[in-house]
Structures are given as structure tokens and as C-alpha cells.
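Me: Hi! I'm new to this one and would love a quick tour. Can we start as soon as it's on screen?

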Amino acid sequence: MFTGVGEPPLHRSPNMAASSVPSTAPVPSPPKRFLVLFDFDETIVNESSDDAVVRAAPGQQLPDWLRHSYREGYYNEQMQRILAYMAEQGVTEDSIRSKVEQIPPTPGLLTLFQYLQSRKQDFELVVVSDANMYFIEAWLERAGARHLFHRIFTNPASFDAQGRLVLLPFHAHDCQRCPDNMCKQVIVRGYLARRQQERGGCPFQRVFYVGDGANDICPMLALGPRDTAFPRRHFPMHRLLQEMQDAGTEGLKVSVVPWASGQDVVDCLNRLEEER
């Protein structure tokens with residue numbers, strides 16, 4: 001499993017503190033040149049974290065009435081019902097966390113993490129996922145990779161005093177393409193604008209988006225011709241992007257590079273870095 005390399009804390013001796021030599025402010029690091037956005041389910045981990053957690057339910061499955069209560073576009077609402085049911089059945093936090101931590105990474109994902117860790121001066125990493133904060137942080141912490149990510153945008157989730165994992169929607173929006181609780185294009189556009197302002201007006205030179213699902217399509221319309229979409233090969237995002245390219249969809253400017261392994265992403269990033 002990937003293990004991150006920690007940064008040692010800086011210590012100052014008492015003698016240094018008492019010295020009459022004037023201190024100098026540290027030279028600020030230059031802004032990172034690239035932004036890498038990751039989905040979570042079936043992109044970082046090799047299955048849906050929601051499906052994995054259901055295996056902690058009695059009999060490792062849900063009753064028919066609960067499975068059939070899903071409404072199209074309201075999956076967050078459905079997952080809230082599932083988590084409430086599991087709490088009623090006595091499923092503990094330890095059981096849920098264990099199922100999340102056991103999800104395998106996608107092929108080559110840890111190789112990709114190691115590559116990005118080795119070039120952390122160049123790459124800023126962010127998760128944009130319709131999973132939830134508890135699942136994502138539990139998995140990343142177990143993998144030793146939480147420190148790699150500057151931000152995680154996902155649905156809030158935490159255990160309450162009664163031992164129930166309470167899930168909330170991320171935000172409200174007006175996008176007709178996206179689920180009721182999350183539009184990833186709204187998130188990506190807002191983040192890019194905010195980070196450019198925080199970086200003194202300096203935008204990222206390139207943005208990379210690694211995903212797999214249909215809800216990873218909308219944010220592609222926020223990216224430009226120098227940016228790259230990495231759809232997981234033969235997954236919905238790949239098929240839908242191919243259809244959009246064939247149809248000449250207006251607003252789709254991003255380059256598309258399918259991946260089957262994290263090594264495919266590493267190889268592409270290496271080529272692009274050589275172009276600088």
C-alpha cells in the first residue's frame with residue numbers, strides 16, 4: 001500500500017531565538033503548475049464504496065423494499081435511507097470503516113500516486129466525488145495518501161451520537177445534467193476561479209481530470225484545449241465523451257486520453273512534462 005513521505009517539522013533552538021542576527025522570511029514556493037482532479041468510486045478505488053459498505057448489512061444485502069425505493073437522480077437521498085437502515089440493524093462504525101478500507105485501488109493507482117508524490121512541487125491534487133467524506137478520508141488515510149490532496153469536494157458524512165452515519169447533500173444547483181445533490185462543473189469552475197485569485201492571478205497551466213462515470217461529463221465543459229480528460233476505458237465517461245466528440249458537441253474542448261491503469265496516466269503526464 002502507498003505510504004506517503006512526511007515532511008519533518010522545522011525546529012528552532014533557543015540559541016537561534018536569542019540571536020541578534022535578523023531573521024529572514026522564507027522564500028515562498030512558486031505556485032504549482034498543474035491541477036489533477038480525481039473522482040473516487042471506480043477511479044481511485046476499484047468499485048463503488050456504497051456497494052462495498054452494503055456488504056456490512058445483515059446477509060450482505062438490502063431488503064427489496066429499500067432497493068426499489070431509488071428515484072432517478074436522487075441517489076444521495078437513497079444512500080441516506082440505506083445508512084439509516086444499517087444503523088437500525090446494528091451495523092457499527094467499525095464494520096463500515098473496515099469494508100471501506102478493504103476496497104482495492106484501481107490498477108496502477110498507487111503507481112500514479114507515487115509519481116505525483118515525487119513531483120508534488122508541480123501538481124496540486126483534489127478529489128471531486130459524489131461519494132462522501134467519511135468513506136473517502138477513511139480509505140485515503142488507510143492507504144497513507146490523505147496528505148496528497150489539497151481539497152476534497154464531496155457529500156458531508158459523519159457518525160452521530162446514536163452511531164448512525166449521517167449523509168447530507170453537497171449543495172443545491174440548477175444544472176439539468178447532474179444529480180440533485182452535486183454538479184461537478186459548478187465545483188470545478190468555482191475552484192479554478194478561487195485558486196487563481198488565491199495564487200495572485202496565476203492560473204494553472206494545465207488541468208487534468210481522472211474519472212469514470214456519467215457525472216464526470218459535466219465538468220469537462222469547464223476545461224479548455226490545453227487540459228486533459230482521463231476517462232476510464234470502457235466506462236460510461238469514456239463512452240459518453242466519444243459520443244460527444246463524434247457529434248461535435250459545442251463547448252467540449254478538452255483533450256481525451258482513456259486509461260485502463262494508473263500507469264497510462266503517468267505515461268501521458270510524463271510526455272506533457274517533457275514539452276515544457
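Me: Is Arg195 buried or exposed?
Reply: This is a predicted model, and in it Arg195 has a relative accessibility of 11%. The cut-off for buried is under 20%, so Arg195 counts as buried.

Me: Which side chain does Arg195 meet in a salt bridge?
Reply: That would be Glu198, at 2.8 Å from N to O. Both residues lie in helix H8, three residues apart, which is about one turn of the helix.

Me: What about Lys184, which residues share its salt-bridge network?
Reply: Asp39 and Asp216 are joined with Lys184 into one network by salt bridges that share partners. Between Lys184 and Asp216, the closest N and O atoms are 2.7 Å apart. Lys184 lies in helix H8 and Asp216 in the loop between S6 and S7, so the pair ties together parts that are 32 residues apart in sequence.

Me: And are Lys184 and Asp216 buried or exposed?
Reply: Both Lys184 and Asp216 are buried.

Me: How many salt bridges are there in the whole structure?
Reply: A search finds 14. One of them links Arg97 and Glu101, at 3.1 Å from N to O. Arg97 is partly exposed, with a relative accessible area of 24%, and Glu101 is partly exposed too, at 23%.

Me: Switching topic: what's the strand order in the open sheet?
Reply: The six strands run S3-S2-S1-S6-S7-S8, with parallel pairing. Strands S3 and S8 are the edges, each pairing on one side only.

Me: Which helix packs on the sheet, touching S6, S7 and S8?
Reply: Helix H9, residues 236-247, and its direction makes about 130° with that of S7.

Methods:
Residues numbered from 1 in each chain as written. Predicted model: local features only at pLDDT ≥ 70, side-chain atom pairs only at ≥ 80, totals over all residues. Heavy atoms only, no water. Pairing = 2+ DSSP bridges. Helix = DSSP H or I, 4+ residues; strand = E, 2+ residues; numbered from the N terminus. Contact = heavy atoms within 4.5 Å. Axes fitted to C-alpha atoms, helices over the stretch in contact; angles between N-to-C directions. Salt bridge = Lys/Arg side-chain N within 4 Å of Asp/Glu carboxyl O. Buried < 20%, exposed > 50% of the residue type's maximum accessible area, 1.4 Å probe, protein only.
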